[in-house]
Amino acid sequence: MIKKVNKQAGKSKPPKVEIKKEKKIKKDKEEKIPKEEKEELASEDFGMKDSDVEQLKAKTKKVEKKEQEKAKSEETGNITEESEEASPPAKKVKVMRKDSLIKSKTTKSKEKSFISLSNPEQDNKAPKIVKKFRRSTGVVYLSHIPHGFYEKQMREFFSQFGAVTNLRLGRSKRTGRSRGYAFIEFQFHEVAKIVAETMNNYLMNNRIMKCQLIPKEQCSRAIFMGKVKPSLPPGVAVRRLNKKVTNATKSNQTNMKRKANQRRKLKGISKKLEAQGIDYKIEIS
């Protein structure tokens, strides 16, 4: 029993405190040794040549430079982000095109060239153009119009009262002849009222014309729709087209279809005659 105890005592490990002290001493010794001596020792230990050592030095320098550049770039990126957050958003700048610049120059020159006759204070200021309102217009209905008093003659006659803005003479769509009534639009409602008063029961070419003012509530653009050209009314245009179709040279297919339709119709007629007890046959060449 005594021998076994002695063996165990001989094999006993040193305490942990002593191990830590030894490690510290080794580190201190390694720090005291300069880098050149370390490299020499490493070359002696591993059997490296001087050229290999120089290559290793160059590689280590390159790696250190890359790490330094990365650190700088990260620092600059953080600085730029902070500056963007702190700085206010930049204002948008409008780029003027050549056309817009030319227009602006022309408008300026026009404004400068204007001279007011009434007030000298309003010089170099162009007057505002007021848009024409369609509500101010007046429409007149004219009936019992004699032949020969058409659109051209009406415009010349009624222009003595005021400006005629629109006119529609009722014409036949089949022949294009006048139907004896018309709608006339004047620029101002007051002028239309005067025309209705003066032209009512007006004698012209042995006919007493009737003139009437249409109220604003009943006026619309549909009154002046469907104008018929006297030179080419729609009925005449259709007749001319049908003449061209009938007189055109026809192909064999169209002739065959025409004959087949005629035979089919004649069969129906013959059946009706037979039902009534009439024997009659129709032949087609």
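Which strands does helix α7 lie across? In this predicted model, helix α7, made up of residues 189–199, lies across β1, β3, β4 and β5. Its direction runs at about 150 degrees to β5.

The sheet under discussion is an open one with five strands, and reading across it gives the order β2-β3-β1-β5-β4, with antiparallel pairing. At its edges sit β2 (164–171) and β4 (202–204), each of which pairs on one side only. From one strand to the next, the twist averages 25 degrees. Helix α6, spanning residues 151–158, also packs on this sheet, where it touches β1 (138–143), β2, β3 (178–186) and β4. The direction of helix α6 makes about 145 degrees with that of β2.

Zooming in on one end of the sheet, β4 is joined to β5 (residues 207–214) by three bridges, and these two strands run antiparallel. Here Tyr 202 stands opposite Met 209, a residue of β5.

Now for the surface. A nonpolar patch is formed there by Ile 269, Ile 278, Tyr 280, Ile 282 and Ile 284. Taken together, these residues have about 470 Å² of accessible area. One of them, Tyr 280, is found in the segment after α9 (252–275). Tyr 280 counts as exposed because its relative accessible area is 54%, and the cut-off for exposed is over 50%.

Note on methods
Residues are numbered from 1 along each chain as its sequence is written. This is a predicted model: local features need pLDDT of at least 70, side-chain atom pairs count only at pLDDT 80 or more; totals for chains, interfaces and linings use all residues. Side-chain values use heavy atoms; hydrogens and water are left out. Patches are made of residues with over 30% relative accessible area and no salt bridge: like charges are joined within 9 Å, nonpolar side chains (Val, Leu, Ile, Met, Phe, Trp, Tyr) within 5 Å. Accessible areas come from the Shrake-Rupley method with a 1.4 Å probe; for residues, only the protein chains shown count as cover. A salt bridge is a side-chain nitrogen of Lys or Arg within 4 Å of a carboxyl oxygen of Asp or Glu. Helices (H or I, at least four residues) and strands (E, at least two) are DSSP runs, numbered from the N terminus. Buried means under 20% relative accessible area, exposed over 50%, partly exposed in between (1.4 Å probe, protein chains only). Two strands pair if DSSP finds at least two bridges between them. Axes are lines fitted to C-alpha atoms, for helices over the stretch in contact, and angles run from 0 to 180 degrees between N-to-C directions. Contact means heavy atoms within 4.5 Å.
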